[in-house]
Amino acid sequence: MCGIVGYIGKEQAAPIILDGLARLEYRGYDSAGMAVYDGEKICTRKAIGRLKVLENITRGGESMPGTCGIGHTRWATHGAPSQRNAHPHTNEAGTIALVHNGIIENYIPLKKKMEEKGYRFVSETDTEVLAHLLDYYYRQDPLEAITKVLHRVEGSYALGILFADHPGEIYAARKDSPLIVGQNDTGCLIASDVPAILKYTRTVYYMENQEVAVLRGDSLSFYSMDEEEVAKEPATIDWDADAAEKAGYEHFMLKEMYEQPRTIVDTVSPRLRDNGGEKDITIEELNMTDEELKAVRKIHIVACGSAYHAGVTGKYVLEGLARIPVEVDLASEYRYRNPLLEEGSLVIVISQSGETADTLAALRESKARGIRVLGIVNVVGSSIAREADACLYTWAGPEIAVATTKAYSAQLAALYLLAMKFGRVRGVLTDTEFRSLSDSLKCLPDQIELLLGQKQKIQRFANRYLGARDIFFIGRGIDYAISLEGSLKLKEISYIHSEAYAAGELKHGTISLIEDGTLVVAVSTQPELYQKTISNIVEVKARGAFVMAVTNEENKAVEKVSDYVVYLPGTHPRFTNSLAIIPLQLFAYYVALGRGCDVDKPRNLAKSVTVE
Ligand code: M6R
């Protein structure tokens, strides 16, 4: 996730771009850059680090005069944060400059072809291939070159493009990445999000997928990929500035929950490839051959908090789909327990921030013992990402709310991909099973969207529990793993005491805490365990509990013993946690909201725990 801003008109472009980028820093902040047409040529400046650095080296934009420019704040995906990888990227002559948000999924074969044609790449990004492709197709007609290039690329993009020989124009295009166009009395703007341009205009045009916009100082036009002009009506934004940063959502947590479908697409689609009609998983970042993967005898997953909970789900999924033994450890325990790590072990550390002190220490401990470490990390270029032997990035983009939602969902998706890969190379998964898993994986984003659509219903239910003292979450097997995460979400943001229990374990002590009206959230998504969990629901009901069940549509029997049921759409039994977590996140969010808690910044917590 990156931020884009562009301006063309009567004003100086660079200060407007810097101001807009500052409001988009939540989208990425590891490097930034601008390209401005100075009357003769396109000048480009880039800086590693926060936007402040770019502001300083350009003296607030003063050193880049010109009224037409584009800018970018980066959240690295392909290629570590560095000056070379920062945007804008240009063709070799520097006559075409572009900024990009999204992922060009087929950039490797495209790059190879362009290199064969003699093009020289200077960065490790997927984006640079677009600059060279534009150069290749350019015959003094920008629109023609852009549509030709975009017909060849797969993936997602929001683009701002300058052509030195069309100095009075900015070209923009989008597919599956956000980009809006604004207009005021002085000129036209592009931006990844509304807050960037709110200070300058409230008149915006929403670009549809696969549209190209041409911005001039005093006019705007939109085109389809067939270069047909498209008529568009402007919309008026009536948000205040604070709401705008959160794209109209009340909290970052809610916004991030809504970003989960996109996050799963971004994490899965570049790795789940279609090879001539047959699906296959390619995880280039693993740096391991199929033979090396086959030789792995045991997996240790090590993490903290929600990332640990993702690991607990991972154990069920990896063991189920690949029949490989998996141990899961809390990093703070693992580092001091002198774990038995045999040859042929693989350690997987999971971390959103990539900076969690205990997880980093666990990584170092494993490496010191000669064990290969794979990181599943969200923040590109973070310590864990750099120190792990290999790193599988979860492309969730920056997560601002302290309580993780979208990064957790992306971690689950990454673990599914790994489990399918291991299942494949170990010969456990048949072609039919693999196909059914791939199909289920592809459906998850839409199914999550459906569940998010139930937010009002969950909010009404949550409002009944604002005064609760204790709330319990129970489930068996993989449902226990999601109970852990549901319970953590609730307690960290609502400050209500909550515990998660393996449903069968409750009667060994904890059931004594169940009183009249105590809420028990029972998760039941595994058909072979439906009956067992129903028995546990009946046990707590007999002690006065009020039961909210989260289960599959087919499990109608649960209605007879529960007080409130949330049904999940059908998916593969190993992937149910990606769906079950949605009502649990919404429930936690609305309980916290109703109690007046600071949802995005709960007390006593930090987003990244860099101390032991
Ligand atoms: O950055 P990490 O994923 O390593 O962080 C691990 C935990 O601190 C984190 O998941 C924490 O539990 C969150 N607050 C949960 O919402």
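Biologist: In what order do the 5 strands of the open sheet stand, and what is their pairing?

Modeller: The order is β19-β18-β20-β21-β22, with parallel pairing. Strands are DSSP runs (E, at least two residues; helices are H or I, at least four), numbered from the N terminus. The model is predicted: local features need pLDDT of at least 70, side-chain atom pairs count only at pLDDT 80 or more, and totals for chains, interfaces and linings use all residues. Residues are numbered from 1 along each chain as its sequence is written, and side-chain values use heavy atoms, leaving out hydrogens and water.

Biologist: Why is one side of β19 and of β22 left without a neighbour in the sheet?

Modeller: β19 (326-330) and β22 (390-393) stand at the edges and have a single partner strand each, so one side of each lacks a neighbour there.

Biologist: What makes β20 and β21 a pair?

Modeller: Pairing requires that DSSP find at least two bridges between two strands. Strand β20 (residues 345-351) and strand β21 (residues 372-377) have 6 bridges, in the parallel sense, and therefore meet the definition of a pair.

Biologist: Why does the approach of Gln 352 to the ligand count as a polar contact?

Modeller: A polar contact is a pair of N or O atoms within 3.5 Å; within protein, one must be able to donate a hydrogen and the other to accept it, and residues adjacent in sequence count only if both atoms are side-chain atoms. A polar backbone atom of Gln 352 is 2.6 Å from an oxygen atom of the ligand, so the pair qualifies. For the side chain of Lys 489, an N or O atom is 3.0 Å from a ligand oxygen atom.
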